[in-house]
Amino acid sequence: MERWVGRVALVTGASEGIGAAVVRDLVCRGMKVVGCARNVDKIQKLSDELKNEKGSLTAIRCDLSKEEDIVNMFKTIKSNESLRGVDVCINNAGLAHNAPILSGQTQEWREMLDVNVMAVTICTRESFQSMKERNIDDGHIIFISSMSGYRIANEAFTHFYAVTKHSVRAIVESTRQELRELKSHIRVTGISPGNVDTDFAVKMMKDKTKGNNDYRYMDAKDISSAVIYTLQAPSHVEINDVLMRPTEQIT
Ligand SMILES: NC(=O)c1ccc[n+]([C@@H]2O[C@H](COP(=O)([O-])OP(=O)(O)OC[C@H]3O[C@@H](n4cnc5c(N)ncnc54)[C@H](OP(=O)(O)O)[C@@H]3O)[C@@H](O)[C@H]2O)c1
């Protein structure tokens, strides 16, 4: 990770769960991290907690369902003298609603599309433009997708979420192809976890239980370890796809 010391990483959805774990690992390894989410107070608290570590954490409030917020965030990063732009973008923020195809609420589908697909695409474009204008050719764009981008589980409450994560899989490969077309050396990686022990499922099911599974879930830091693994690959190696499940998960 030595070559990333002092470089800038944007982590979306940094207020909790996987995003907060990734922030922690990157700051401890010396990166200047920008963390965004709606609950910016939680990111600020994390920033205070990490203030004696090798890197730094700048908290920015951003509702990723609003393009204006995203564009303003990139402007804020550009005008900050100690940041100037994004070298690594971790598209992590995402959500699920229990909204099956035959009975779901349109507004819930739309929110999933806005955050899981549109914001991911906009952040990818803006990060690439930020790298391009500063002649950054070794950047990295990482997408936290899901096993739901690879298979349709026989669980209707996950179906529209799977629609969005299949889209993320298409975005990862499309971005890779466009970069190769431009002869850029910026790399892309999709990381697709199975069940992770965060509040993600609690929010999806709108109750306090994390589902009926009795096996041990992965921890947020297990996903962060995969992020670090892909970032530290030698520059001639592009890890495109990481699929990871709890060992006992069947689907
Ligand atoms: N947990 C799992 O089992 C699992 C499995 C596979 C894939 N994933 C994927 O992993 C990623 C992270 O999930 P997680 O488990 O860490 O979930 P989480 O604990 O619920 O965290 C989700 C993060 O996304 C942010 N977010 C949601 N809507 C947002 C919006 N409109 N604007 C800005 N930020 C927003 C949240 O911040 P605010 O609410 O503060 O805005 C929060 O920081 C997601 O893409 C998810 O699909 C999770």
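Is lysine 206 buried or exposed? Lysine 206 is exposed, since its relative accessible area is 57%, and I will come back to this residue after we have gone through the interior. Please keep in mind throughout that what we are looking at is a predicted model.

Let me start with the cores. The largest nonpolar core is made of 36 residues, and within it the residues with the most contacts are Val23, Leu26, Ile90 and Ile191. Two or more residues of this core come from each of E1, H1, strand E2 (32-37), helix H2 (40-49), strand E4 (88-91), strand E5 (140-144), H7 and strand E7 (241-244). Of these, H1 makes the greatest contribution, with seven residues. Another core, of 31 residues, lies apart from that one, and Cys62, Leu64, Val86 and Phe143 are among its members.

Leucine 26 deserves a closer look. Setting aside residues up to four places away in sequence, leucine 26 touches Met1, Ala9, Val11, Met31, Val33, Ile90, Ile228 and Leu231. One of those partners, alanine 9, sits in strand E1, which covers residues 8-12. Alanine 9 is buried, because its relative accessible area is 0%. Beyond its neighbours within four places in sequence, alanine 9 has contacts with Leu26, Met31, Lys32, Val33, Val34 and Val88. To give a sense of distance, the C-alpha atom of alanine 9 is separated by 34 Å from that of asparagine 213, a residue 204 positions apart from it along the chain.

Following the chain from E1 towards H1, we meet serine 15 in the loop between these two elements. Serine 15 has a relative accessible area of 14%, and therefore counts as buried. Its contacts, again without residues up to four places away in sequence, are with Ala20, Ala37, Asn39, Lys42 and Ile43.

Now to the helix packing. Helix H1, residues 17-28, packs against helix H7, residues 220-231, with the axes 8 Å apart and at an angle of about 50 degrees. That angle is why H1 is described as oblique to H7. The crossing of H1 with H7 is right-handed. On the H1 side the contact is made by Gly17, Ile18, Ala21, Val22, Asp25 and Leu26, and on the H7 side by Ala220, Lys221, Ile223, Ser224, Ser225, Val227, Ile228 and Leu231. By residue type, this contact comprises nine nonpolar, three polar and two charged residues.

The second pair is helix H4, residues 106-133, with helix H5, residues 159-181, whose axes come within 9 Å and cross at roughly 15 degrees. H4 is therefore roughly parallel to H5, and H4 passes H5 in a right-handed crossing. Here Trp109, Met112, Leu113, Asn116, Val117, Val120, Thr121, Thr124 and Phe128 of H4 meet Phe160, Tyr161, Thr164, Ser167, Val168, Ile171, Thr175 and Leu179 of H5. The residues of this contact divide into 11 nonpolar and six polar, with no charged residue.

Finally, let us turn to backbone geometry in two loops. Asparagine 135, in the loop between H4 and E5, has a phi near 55 degrees, which is a positive value in a residue other than glycine. Asparagine 135 counts as exposed, because its relative accessibility is 70%. That brings us back to lysine 206, which lies in the loop between helix H6 (200-205) and H7. Lysine 206, too, is not a glycine, and its phi is positive, at about 55 degrees.

Key:
Residues numbered from 1 in each chain as written. Predicted model: local features only at pLDDT ≥ 70, side-chain atom pairs only at ≥ 80, totals over all residues. Heavy atoms only, no water. Axes fitted to C-alpha atoms, helices over the stretch in contact; angles between N-to-C directions. Helix = DSSP H or I, 4+ residues; strand = E, 2+ residues; numbered from the N terminus. Parallel < 35°, antiparallel > 145°, perpendicular 65-115°, else oblique. Left-handed = near helix turned anticlockwise from the far one by under 90°. Contact = heavy atoms within 4.5 Å. Nonpolar A, V, L, I, M, F, W, Y, C, P; charged D, E, K, R; others polar. Buried < 20%, exposed > 50% of the residue type's maximum accessible area, 1.4 Å probe, protein only. Core = buried A, V, L, I, M, F, W, Y, C linked by side-chain atoms within 4.5 Å.
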